Amino acid sequence: LDLETTGLSVERDAIVQMAAVRALGGALVAGEELDTFVDPGRPIPPSATRIHHVTDADVAGAPDAYNASRSLHHFSRGAVLVAHNAPFDLGLLKRHEAGAGIVWDHPVLDTVLLSSIAFGATDDHSLDALCARLEIEIAPEARHSALGDARATAEALLKLLGLLEARGITTYGALKAESDSHARRLFSKREMAEV
């Protein structure tokens, strides 16, 4: 899944677009996708529009975050959620749980952490760098659109799973344990760099 937003703060910013695609059995499932603009209830800053190209006109009349979240939650039932920098996306979705009457209690994987496992903690793990490393092409007009980034994330996931399976990481539990270990190491390195 991927969200486009009014900015980079989980606490202060709002969702303007959300998308998700479904992958099953090592492939994207054709036609199984959700893509919607979301009315953030406030003007979209020009600095955000320059990145994702979503305008106030695009979101006029779109569902609010509660209704859009319910649709995404329904689409995602029974699934493992995968996002690039998942804490950001899930943090924004969790802010709307009570108002939407839902709970985001899905298992979650983060392709930033999977990239760290596959390529080492010191490499660049941005979505652009990961896609370049895995030879996934994102059309320029699709980059920074929720659907384009959701598709790229799903394609990266599928390739990363193959690489990690070759290392003996073959179950969700093993993948989650390794991801959690890398999250602790990455966080510790950031903390140490700030000291």
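How many salt bridges does the structure hold? In this predicted model, the structure holds six. Side chains of opposite charge can pair when their charged atoms come close. Three of these pairs are walked through below, with a note on how some partners connect.

Start with Arg151 and Glu33. Their side chains form a salt bridge, with an N to O distance of 3.0 Å. The contact ties together distant parts of the chain. Arg151 sits in helix α8, residues 146–166. Glu33 belongs to strand β3, residues 27–37. The two residues are 118 residues apart. How accessible are they? Arg151 has 35% relative accessibility. Partly exposed covers the range between 20% and 50%, so Arg151 counts as partly exposed. Glu33, also at 35%, counts as partly exposed by that rule.

Turn next to helix α9, residues 172–194, which holds both Asp180 and Lys176. These two are four residues apart, about one turn of the helix. They form a salt bridge, and their closest N and O atoms lie 3.3 Å apart. Asp180 has a relative accessible area of 31%, so it is partly exposed. Lys176 is partly exposed too, at 30%.

Salt bridges with shared partners also join Asp128, Arg143 and Asp149 into one network. Within it, the side chains of Arg143 and Asp149 meet at 2.8 Å, N to O. Are these two residues buried or exposed? Both Arg143 and Asp149 are buried. Buried means under 20% relative accessible area. The Arg151 and Glu33 pair, by contrast, is partly exposed at both ends.

Note on methods. Residues numbered from 1 in each chain as written. Predicted model: local features only at pLDDT ≥ 70, side-chain atom pairs only at ≥ 80, totals over all residues. Heavy atoms only, no water. Salt bridge = Lys/Arg side-chain N within 4 Å of Asp/Glu carboxyl O. Buried < 20%, exposed > 50% of the residue type's maximum accessible area, 1.4 Å probe, protein only.
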